[in-house]
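Got the viewer open? Here's a walk through the model, one selection at a time.

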Amino acid sequence: MNGFLCRPAESRYNNYFNNTINVRLGNHSEYTWNSSRVSGTNIVGGSYLGGNYWANPNGTGFSETCTDSNGDWICDSPYNVNKSDFDFLPLASISRMQNLPVANFSTNTTQGLAPLAVQFTDLSQHAIAWNWDFDNDWISDSTEKDPVYEYIIPGNYTVNLTVSNANGKASKTKKIIVHEAEVLSTANFNVNITSGQAPLSVLFTDLSQNVGKRTWDFNNDGIIDSINKTSVYKYEFPGTYIVNLTVSNSKGSFSKLFSITTSPVRRVDGEYVLTEYKITYKIGHQLAIYGDRIVWTDSRNGNSDIYMYDLSTHNETQITTRESYDFSPDIYGDRIVWNDYRNGNGDIYMYPAFGRST
């Protein structure tokens, strides 16, 4: 055939044209080559009525080569029939209508330790929509083409990808195995400083792997001081402290011990600042210091007695034991002096601080 002769003011749609010259136009002012897009089986079996099917015996017709990106059997672009005449809804190729989707995908890994992040890459054919179910619970987890999903809980998972177009749906599954975190071989941490003068601030940083829970005990008193990965602890008093970090997961717990040593701090005038733990909590008042020895008035036994403490040997000595009121101690060299009311007069008494006779 040499084509189809149209008369003016005719509306032509849902025709199958397959000639070298499909249409010959007479004198006309306007021709209409399509209806509105409505549901219904068109002349080539598609799901929508619209325009016409434009073919060519050599297979190069517009409908045979046009793009139908959404799979509705309507070409994405209009067909220019003759200069100002257009089919705005030309029907798409029969071969395209027969392209059912084929589901396929790849992953960057199929197993590993929790938490496990997996990159999914779609390799499907003829797909215009994607529906991912990463744990096979029949609930959609993503509609992206190439999503990333992180598995937090260990287990065996079946991933299901369902793709679709206007012709139908197709699915593909794949197994993902998520292993539980390995058992910790050792707990580990570092510190920015291991010794110094009190008060001493130390930065602790946990370097352990696969940690579910952690606890810090910075002075080994059995009390949890922190659960953070990094923490700063301030040691107020001189001494040697045992630091205990305990980390755990579902397989067990592991600990690391470390010692921190602090020393007394001297004032600008050369005397010791009273930071020794043992002295701090026993001193009443009226403190005097000479070298490594401290004397003070202490009422721990109900009386006002004089005590001495040696910072170098950590020995404490009770100087007076009477029921009288003793106060205002002082020390110099190997002598200790204080006011004593044993006779009711507040007399001055002296003690050989280092065991020498007066």
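Start by selecting Arg342 and Tyr349: Arg342 lies over the face of the Tyr349 ring, 3.8 Å from its centre. For a charge to sit over a ring here, NZ of Lys or CZ of Arg must be within 6 Å of the ring centre and within 35 degrees of the ring normal. Now pick Arg37 and Tyr48, where Arg37 is placed over the face of Tyr48 at 3.7 Å from the ring centre.

**Before you go on**

What you have open is a predicted model, in which local features need pLDDT of at least 70 and side-chain atom pairs count only at pLDDT 80 or more, while totals for chains, interfaces and linings use all residues. Residues are numbered from 1 along each chain as its sequence is written, and side-chain values use heavy atoms, with hydrogens and water left out.

**Zoom out and colour by confidence**

Colour the chain by pLDDT, the predictor's confidence in each residue, from 0 to 100. The mean for the protein chain is 81, and 82% of its residues reach 70 or more. Where is confidence lowest, and where is it highest? Select helix H3 (residues 277-280) for the lowest, at a mean of 38, then strand S9 (residues 105-107) for the highest, at 97. Next, highlight residues 265-284: pLDDT stays under 50 there, and the model has 50 contacts for this stretch beyond four places in sequence. A contact means heavy atoms within 4.5 Å.

Switch to a cartoon view and you get three helices and 29 strands. These are DSSP runs numbered from the N terminus: helices are H or I with at least four residues, strands are E with at least two. Of the contacts in the protein chain with a separation of 6 or more, 47% are between residues 24 or more positions apart.

Turn on the surface if you like. The accessible surface of the chain comes to about 19,600 Å², and 48% of that belongs to carbon and sulfur atoms. Areas like this come from the Shrake-Rupley method with a 1.4 Å probe; for residues, only the protein chains shown count as cover. Of the 358 residues in the chain, 37% are buried. Buried means under 20% relative accessible area, exposed means over 50%, and partly exposed is in between (1.4 Å probe, protein chains only).

**The aromatic cluster**

Show the side chains of Phe105, Phe120, Trp132, Phe134, Tyr149, Tyr151 and Tyr157, which ring pairs link into a cluster. The structure holds 28 aromatic pairs. One of them is Tyr151 with Tyr157, a tilted pair at 4.7 Å centre to centre with 45 degrees between the planes. Rings of Phe, Tyr and Trp (its six-membered ring) pair if their centres lie within 6.5 Å; planes under 30 degrees apart are stacked, over 60 edge-to-face, and the rest tilted. Are these two tyrosines buried or exposed? Tyr151 counts as buried because its relative accessibility is 2%, and Tyr157, at 15%, counts as buried too.

**The disulfide**

Which cysteines does the disulfide join? Select Cys66 and Cys75, with S to S at 2.0 Å. The structure holds one disulfide, a term for a pair of cysteine sulfur atoms within 2.5 Å. The link is left-handed, with -70 degrees about the S-S bond. Cys66 is buried at 6% relative accessible area, and Cys75 is buried at 5%.

**Two buried stops**

Jump to Asp85, in strand S8 (residues 85-87). Asp85 counts as buried because its relative accessible area is 5%. Add Thr32 to the selection: the two are 53 residues apart along the chain, yet their C-alpha atoms are separated by 7.7 Å.

Then try Ser248 in strand S21 (residues 239-249), buried at 18% relative accessibility. Leaving aside neighbours within four places in sequence, Ser248 is in contact with Val211, Gly212, Lys213 and Ser253.

**Backbone details**

Show the backbone around Pro115, in the loop between strand S10 (111-113) and strand S11 (116-122). The peptide bond from Ala114 to Pro115 is cis, with omega near 0 degrees.

Move on to His126, in the loop between S11 and strand S12 (129-133). Its phi is near 60 degrees, a positive value in a residue other than glycine. At 38% relative accessibility, His126 is partly exposed.

Finish at Ser328, in strand S27 (residues 326-332). Here phi is near 50 degrees, again positive in a residue other than glycine, and Ser328 is partly exposed at 34%.
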